[in-house]
Amino acid sequence: QVQLVESGGGLVQPGESLRLSCAASGSFFSIDNMDWYRQAPGKEREFVAAITSDGSTNYVYSVKGRFTISRDNANNTVYLQMNSLKPADTPVYYCNAVVYVRADYAMNFWGKGTLVTVSS
């Protein structure tokens, strides 16, 4: 079984920074895309950033220039560096990964989320 565990959330003031981490553990062949999503209370989960296995990245427009996604393939970990945080960045952040549990079969996994609160 594959597990994704997020960490790094917390309470910060507007303009400050946080770095989220998501580590994959368990038995698997390899990891393809790794993504970050976020969800505010009462709203749908929204895409934030993605990174492919070869390092190509994509961001939602609202975080471009402020957030940076990166990954450490050797340690099966994806990071989200968040700078210039705004109150609108507040919700729960979830890690998502496409994991090859066998060489020819991939599954989608989600972490349980980490809470980011941006408030003065």
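In this predicted model, Asp104 pairs with Arg102 in a salt bridge whose closest N and O atoms are 3.2 Å apart. Asp104 has a relative accessibility of 62% and therefore counts as exposed, while Arg102, with a relative accessible area of 47%, is partly exposed because it falls below the 50% that an exposed residue must exceed. Arg102 belongs to strand S9, which covers residues 92-102.

The pair of Asp104 and Arg102 belongs to a wider set, since a search of the whole structure finds four salt bridges. Side chains of opposite charge can pair when their charged atoms come close. Which residues are linked in a network of salt bridges? The network links Arg38, Glu46, Arg66 and Asp89, and two of its pairs can be followed one after the other.

Glu46 forms a salt bridge with Arg38, and the closest N and O atoms of this pair lie 2.6 Å apart. The two partners can be compared by their exposure to the surroundings of the chain: Arg38 has a relative accessible area of 5% and is therefore buried, the limit being 20%, whereas Glu46, with a relative accessible area of 33%, is partly exposed.

Asp89 forms a salt bridge with Arg66, with 2.7 Å between the closest N and O atoms. Asp89 lies in the loop between strand S8 (77-82) and strand S9 (92-102), and Arg66 lies in the loop between strand S6 (57-59) and strand S7 (67-72), so this salt bridge ties together parts that are 23 residues apart in sequence. Are Asp89 and Arg66 buried or exposed? Asp89 is buried, and Arg66 is buried as well.

From the charged pairs the path leads on to the cysteines. A disulfide is a covalent bond between the sulfur atoms of two cysteines, and a search of the whole structure finds one disulfide. The cysteines concerned are Cys22 and Cys95, whose sulfur atoms are 2.1 Å apart. Cys22 lies in strand S3 (residues 18-25) and Cys95 lies in strand S9, so the disulfide ties together parts that are 73 residues apart in sequence. Why is this disulfide described as left-handed? The torsion about the S-S bond of Cys22 and Cys95 is about -80°, and the disulfide is therefore left-handed. Both cysteines are removed from the exposed class, for Cys22 is buried and Cys95 is buried too.

Methods: Residues are numbered from 1 along each chain as its sequence is written. This is a predicted model: local features need pLDDT of at least 70, side-chain atom pairs count only at pLDDT 80 or more; totals for chains, interfaces and linings use all residues. Side-chain values use heavy atoms; hydrogens and water are left out. A salt bridge is a side-chain nitrogen of Lys or Arg within 4 Å of a carboxyl oxygen of Asp or Glu. Buried means under 20% relative accessible area, exposed over 50%, partly exposed in between (1.4 Å probe, protein chains only). Helices (H or I, at least four residues) and strands (E, at least two) are DSSP runs, numbered from the N terminus. A disulfide is a pair of cysteine sulfur atoms within 2.5 Å.
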